[in-house]
Amino acid sequence: HIGFPQDRLYLPNAVSMAGLVLMALLLSAAAVLDSEGRVRSLAVAAAAVLSVYLVGTGTRSLWAAAVLGIATFIAAEILVGPRTRSLTLIVVVVAALALVGGASILLTTRIPCENVFPQEAFNRPFWQTPRNGKVVVTGQGEPTELVLPPRPGAGRARDDISTPAILEEKRLLLASAEVYGSGNGSARVDFVFSSGSRNPRRVVSLPIKAEGGWVTNDKLVHRVPDDADRVHVAVVREPADSTEWRLRRVRLEHYRTRLPTPLAYQMISLSRRLFGPWERPSSENTLHSASLDYRVQETKRLVRLFLESPPREKTFGHGLGARFEYQARSYDSLGERVLITNPNYIHNFYAFLLFKLGFTGTLLVLGSIGIWFGWAVRCLVRVRGTGELHWAAAYIAIWLAYLVWALFCPELIDFRVAPVVGFFIGSLGTFDAQARDGETSPGP
């Protein structure tokens, strides 16, 4: 699973290596504190590059795990380490976060936008009202609403709700709409980019679902065909749609910036991903994020399968190669949307253990991890006041961050990460032996 390529700073295949970046970043932080001169400069440069890579992945679960890992690393330093260096590290981390956050906020709020559509209110001549539809003025100062009545028994309906608008600028656009659905149906708002002959050259779709309240959906657009010189808006509804739809503030905005389009697109996308609307519970107790909702529903499905399994499968699991029936749309290795009916990949590492290995395998794996984590804590206590402290703090932060991240991404068993974890455990054993013998070598 790769995720939405348009939300990433890198090519989709580069994102697959993100599992190692958090471990490398925390080890780089330890190297910064336990080195001097040129080595420290190289460690600082490595940490800076890794930080940019981590942010650029666009993976919000990785961002959350990174915050936890950094906080754990600082806490361990404060508890058993030199106060001066710990406070310096805190100041540096807070300053870096403030810089990134301030730049992102500035980027999303200070770049001017212009609406491509000649008017926002649903008035002629630009907007047009479909048959049986109507325009409602809700009150003074309030936006006008376009009301589309239910279509029970009808086939799929496509209603053009605007005439074409001339598209003079195509570098970086933001399509958005506010929608209210009174039933339980689903539809989409299409922004149709076409040539002079009205042949569609590209269609940007905003999927909408009736939630019993106003919902805003938007999408960044940065690839418009060269021969597309106009755009109009349409609403596409499913057959036998019994939902009454209301639309307002349907806009197509153009970001006016001198930054190169790919760079501006990626930076705006990442800052919107960080500072935009986060997931919130809906009326159906699902989440307004396709990625997070997929993981929640997948985990619920696996827990249900485990509870309904016979005693033998509960004890020993279904096997590492077992698949489970769960239909969902995901992405293949090229970032293309595909339909999965019986996946083998499981995002929740702990649900993976229960379903694949049962109680027995889960206890063995988690018991081993608990021993390794306790091992790292014991090392931290033994090396108090020495240069080894920073590495022990990094080890603890890595374990805790990856164990929490495993709720959403099973990086611990990813084939690109697992060998490194093995070397990591081996170096921890050597490190523990050195600490027990009173040796203070400069890092593992």
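Here is a walk through this chain, from its overall make-up to two buried residues and a cavity.

Keep in mind that what you're looking at is a predicted model. The chain runs to 444 residues, and you can trace eleven helices and 13 strands along it. How much of it is tucked away? Of those residues, 45% count as buried. Turn to the outside and there's about 22400 Å² exposed, with carbon and sulfur atoms supplying 59% of that area. The contacts tell you something about how the chain comes together: among those with a separation of 6 or more, 73% link residues 24 or more positions apart.

Let's zoom in on S162. Look for it in the loop between β4 (157-160) and β5 (165-166). Is this serine buried or exposed? Its relative accessibility is 1%, and the cut-off for buried is under 20%, so S162 counts as buried. As for its company, leave aside residues up to four places away in sequence and you'll find S162 touching F126, W127, Q128, H232 and V233. One of these, V233, also has a polar link to look at: its backbone nitrogen sits 2.9 Å from a polar atom of the S162 side chain. Over on the side of P125, the C-alpha atom of that proline is 8.6 Å from the C-alpha of S162, although 37 residues separate the two along the chain.

Next, move along to W245, which belongs to strand β11 (residues 245-255). This tryptophan has a relative accessible area of 0%, so W245 is buried. It has a sequence-distant partner to check as well: the C-alpha atoms of W245 and P150 are 7.7 Å apart, with their positions 95 residues apart along the chain.

Finally, the empty space. How many cavities of 30 Å³ or more does a search of the whole structure find? Just one. The largest cavity holds about 40 Å³ of space. If you want to find it, pick out M23, I398, W399, Y402, L412, V421 and F424, which line it. Two elements give two or more residues each to that lining, namely α10 (389-405) and α11 (418-436). The largest share, three residues, comes from α10. And what is the lining like by class? It has seven nonpolar residues, with no polar and no charged ones.

Definitions and conventions: Residues numbered from 1 in each chain as written. Predicted model: local features only at pLDDT ≥ 70, side-chain atom pairs only at ≥ 80, totals over all residues. Heavy atoms only, no water. Helix = DSSP H or I, 4+ residues; strand = E, 2+ residues; numbered from the N terminus. Buried < 20%, exposed > 50% of the residue type's maximum accessible area, 1.4 Å probe, protein only. Contact = heavy atoms within 4.5 Å. Polar contact = N/O pair within 3.5 Å; in protein donor to acceptor, adjacent residues only side chain to side chain. 1 Å grid on protein atoms, 1.4 Å probe; cavity = no way out; pocket = protein on both sides within 12 Å on 5 of 7 lines; lining within 4 Å. Points joined across faces, edges and corners; volume = space filled by probe spheres on them. Nonpolar A, V, L, I, M, F, W, Y, C, P; charged D, E, K, R; others polar. Areas by Shrake-Rupley, 256 points an atom, 1.4 Å probe, with all protein chains shown as cover.
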